[in-house]
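Me: I am new to protein structures and would like to learn how to read one. Could you take me through this one, feature by feature?

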Amino acid sequence: EKVSVEVLDHLEHLALVDFRDSEGVERLQKAIQFADQLHEVNTDGVEPMDSVLEDRCLYLREDDVTEGNCIKELLENAREKVEEYFVAPPGNIPLPKLEEQDTFLQGS
Amino acid sequence: LSQVSAALKEGRVTPTELCQRCLALIKSTKFLNAYITVAEETALKQAKESEERYKRGQPLGILDGIPVAVKDNFNTAGIETTCASNMLKGYISPYNATVVQKLLDQGAVLLGKTNLDEFAMGSGSTDGVFGPVRNPWSYSKQYKEKSVPKSHSEDEDSNWVITGGSSGGSAAAVSSFTCFAALGSDTGGSTRNPAAHCGVVGLKPTYGLISRHGLIPLVNSMDVPGILTRCVDDAAVLLGSLAGHDPKDSTTIQDDFKPFELPNLTDVSKLSIGIPKEYHAPGLSSEILALWSKAADLFKNAGAKVVEVSLPHTRYSIVCYHVLCTAEVASNMARFDGLEYGHRSDKKESTESMYAATRREGFNDVVRGRILSGNYFLLKQNYEKYFVKALKVRRLIANDFMKVFRSGVDILLTPTTLSDAAPYMEFIQEDNRTRSAQDDILTQAANMAGLPAINVPTALSERGLPVGLQFIGRSFQEKQLLTVAKWFEKQVQFPMIQLEEVKKHDNSVFQHQKSASFS
């Protein structure tokens with residue numbers, strides 16, 4: 001079953017990355033097909049493993065400030081800044097809907 | 001390393017001379033494209049400081065004055081760190097990764113940053129924005145002798161072979177003598193794969209032993225810094241200087257780590273070597289199969305117990321990796337939005353449109369493909385089906401290893417790659433994902449289970465290219481793993497590369513090995 005255009009569009013919005021062309025979509029289809037092999041494995045009663053170090057405690061240090069005051073270094077690599085702020089374009093403006101876009105997915 | 005260190009102590013060579021020679025060699029091997037950035041000025045400065053210490057008779061340790069190279073996905077203060085991507089072109093790190101800092105604190109001389117696949121995604125070191133890395137063995141006498149003679153000189157340049165990846169630049173740098181050791185990273189085999197293709201030692205330490213602070217992450221639960229050196233003893237030295245708890249990386253274990261020297265094993269009769277039958281994977285070249293078999297016999301004839309074992313879920317490790325890797329990548333790449341660092345697009349309409357354009361311009365197809373796949377597997381409707389399922393399969397894979405080690409096996413012996421290095425023209429016929437799926441098959445499971453693994457160069461193939469074998473050990477038992485690897489290295493006497501187009505250097509500084517080979 002192919003992935004629907006709605007899901008493709010949704011993914012582009014979530015990832016803020018575009019498929020660019022049919023090759024990109026094909027790549028996803030193949031990736032899903034590849035991943036489907038997982039379902040051949042019987043995992044009844046098996047707990048998911050998120051870390052190989054699950055039997056150990058994560059290290060937590062004392063809540064003391066040991067470094068900081070490096071505003072200059074932090075701002076160094078930003079292209080647009082004002083005083084001690086990173087400057088971003090206006091937020092809360094969603095990307096245009098599929099119909100309004102000039103994207104490859106429009107044609108699908 | 002101990003030889004060079006001794007030479008430095010005795011004044012037979014100075015850190016500055018060593019540094020200058022390496023820098024000159026880097027220039028003359030530029031066609032390999034192993035380095036993205038060469039930090040000439042700072043390296044010479046570090047060399048000079050090292051020289052002062054030697055003059056005072058106070059070297060910091062065995063690494064003082066030793067030229068090293070670091071893969072370009074480690075942050076290095078004041079030096080550009082690009083991850084071979086447009087997204088980070090021009091990004092000058094404000095800090096050193098912990099492992100880089102440790103090297104510098106011991107007086108190592110940082111020559112530069114090595115080339116890789118973009119964001120360490122790939123198994124050829126062919127997909128970075130600075131172009132592919134060429135395997136130094138392409139220019140070796142051994143390879144040229146076995147190549148079909150070409151009638152025109154312009155054809156000569158087209159059958160160079162890849163280094164493997166993604167730490168290809170680091171492997172090529174060590175293999176071509178431009179540095180004595182290099183750092184790579186290993187998430188699915190990215191250190192061991194190029195090590196095998198370039199004929200060098202590639203060590204993947206146990207997950208949690210070496211700090212990942214400053215290593216630009218790919219898969220947080222599997223990434224480790226990798227060590228590339230010319231011999232196993234050197235890998236032990238590097239390990240000793242890098243391992244240990246780091247408060248800045250809470251996934252490093254808190255146990256005390258004691259650096260060790262490797263004993264010269266003479267008696268292997270108490271050793272039990274496991275041969276996992278599933279590693280006889282489809283596509284494994286008959287040459288490597290024969291070599292693997294010969295190696296098993298070597299251990300048997302020396303008195304070790306050699307048993308066939310089974311890791312039944314091996315063939316799912318690649319699929320599992322595919323899902324977990326893309327999922328973690330989707331998350332890790334989210335930090336690249338152009339605001340705080342890296343490339344930033346000119347679009348100003350909204351934050352989202354700026355982010356989207358920045359990421360569109362900054363990432364290559366491979367990276368974007370993985371981000372999109374990852375997001376797909378993490379969708380609410382797919383989360384249980386793919387992501388959680390993969391986590392369960394991960395446990396099964398890790399359990400396979402536990403069972404085998406609990407049954408009395410000390411070390412596993414497997415091939416590292418399916419074949420020797422492919423010519424570049426052939427390699428690029430298939431896309432990145434297909435290649436990665438094929439090439440990572442033998443190395444990936446060790447990352448899944450977090451186990452230490454090492455590639456030891458074993459012999460030359462019929463085409464005159466290096467082939468390596470892999471040893472996988474128990475968690476945090478690097479000493480045992482390296483001891484066995486060292487014994488094996490001594491038995492096989494892997495030949496030294498005979499580079500044709502490059503002038504060889506003063507023999508007193510470089511290790512000699514007999515050309516009697518294993519095969």
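**Reading two chains together**

Reply: Gladly! Keep in mind from the start that this is a predicted model. Let us begin with a part of chain B that a record marks out: over residues 162-482 the chain is 43% helix and 14% strand, and the C-alpha atoms at the two ends are 27 Å apart.

Me: Which feature does UniProt place there?

Reply: The unreviewed UniProt entry gives "domain: Amidase" at residues 21-140 and 162-482 of chain B. Over residues 21-140, chain B is 27% helix and 12% strand, with end C-alpha atoms 20 Å apart.

Me: And what pattern does chain A follow along the sequence?

Reply: A pattern lists helices as α and strands as β in reading order. For chain A that gives α-α-α-β-β, in keeping with its 3 helices and 2 strands. Chain A has 108 residues, and 31% of them are buried. You can also ask how far apart in sequence the touching residues are: among contacts in chain A with a separation of 6 or more, 49% join residues 24 or more positions apart.

Me: How do I read the interface, and how many residues of each chain are in contact?

Reply: Start with who touches whom, then look at the area covered. Here 54 residues of chain A are in contact with 72 residues of chain B. Together the chains bury about 5,700 Å², and 62% of that is on carbon and sulfur atoms. A:Leu38, A:Tyr59 and A:Asn77 supply 12% of the area that chain A buries against chain B, more than any other three residues.

Me: How many salt bridges cross the interface of chain A and chain B?

Reply: The rule finds 9 salt bridges there. For one to look up, try B:Arg368 and A:Asp18, whose side chains meet at 3.8 Å, N to O. Polar contacts are a separate count, and between chain A and chain B there are 27 residue pairs of that kind.

Me: Which elements of chain A give two or more residues to the side that touches chain B?

Reply: They are helix 1 (5-15), helix 2 (22-35) and helix 3 (71-76) of chain A. Helix 2 of chain A gives the largest share, 7 residues. Sorted by class, this side of chain A has 32 nonpolar, 7 polar and 15 charged residues.

Me: How should I read a single helix?

Reply: Here is the general idea: an α-helix has 3.6 residues a turn, so residues three or four places apart point the same way. Now take helix 1 of chain A, where the buried residues are A:Val7, A:Leu8, A:Asp9, A:Leu11, A:Glu12 and A:Ala15. These buried residues pack against helix 2 of chain A, together with helix 11 (351-362), helix 12 (365-378) and helix 13 (380-406) of chain B. After helix 1 of chain A comes A:Leu16, with a positive phi near 55 degrees.

Me: Is B:Ser272 buried or exposed?

Reply: B:Ser272 counts as buried because its relative accessibility is 5%, under the 20% cut-off. This residue sits in strand 7 (residues 272-276) of chain B. Leaving out residues up to four places away in sequence, B:Ser272 touches B:Lys305, B:Val307, B:Gly408, B:Val409, B:Asp410 and B:Ile411.

Me: Where is B:Gly303 found?

Reply: B:Gly303 is in the loop between helix 9 (286-301) and strand 8 (305-309) of chain B. With a relative accessible area of 35%, B:Gly303 is partly exposed. Beyond its neighbours within four places in sequence, B:Gly303 is in contact with B:Val268 and B:Ser269.

Me: Which backbone angles deserve a look?

Reply: Try phi and omega. A:Asn92 is not a glycine, yet has a positive phi of about 60 degrees. A:Asn92 lies in the segment after strand 2 (85-86) of chain A, and counts as exposed at 84% relative accessibility. B:Asn33 also has a positive phi of about 60 degrees without being a glycine, and is found in the loop between helix 2 (15-28) and strand 1 of chain B. For omega, go to the peptide bond from B:Gly165 to B:Ser166, which is cis with omega near 10 degrees. B:Ser166 lies in the loop between helix 5 (141-146) and helix 6 (168-175) of chain B.

Note on methods:
Residues are numbered from 1 along each chain as its sequence is written. Chains are lettered from A and ligands numbered from 1 in the order in which they are written. This is a predicted model: local features need pLDDT of at least 70, side-chain atom pairs count only at pLDDT 80 or more; totals for chains, interfaces and linings use all residues. Side-chain values use heavy atoms; hydrogens and water are left out. UniProt positions are given in the numbering used here, feature names are shortened, and annotations may be inferred rather than shown by experiment. Helices (H or I, at least four residues) and strands (E, at least two) are DSSP runs, numbered from the N terminus. Contact means heavy atoms within 4.5 Å. Buried area is the accessible area (1.4 Å probe) that two parts lose on being put together, summed over both. A salt bridge is a side-chain nitrogen of Lys or Arg within 4 Å of a carboxyl oxygen of Asp or Glu. A polar contact is a pair of N or O atoms within 3.5 Å; within protein, one must be able to donate a hydrogen and the other to accept it, and residues adjacent in sequence count only if both atoms are side-chain atoms. Ala, Val, Leu, Ile, Met, Phe, Trp, Tyr, Cys and Pro count as nonpolar, Asp, Glu, Lys and Arg as charged, and the others, Gly among them, as polar. Buried means under 20% relative accessible area, exposed over 50%, partly exposed in between (1.4 Å probe, protein chains only).
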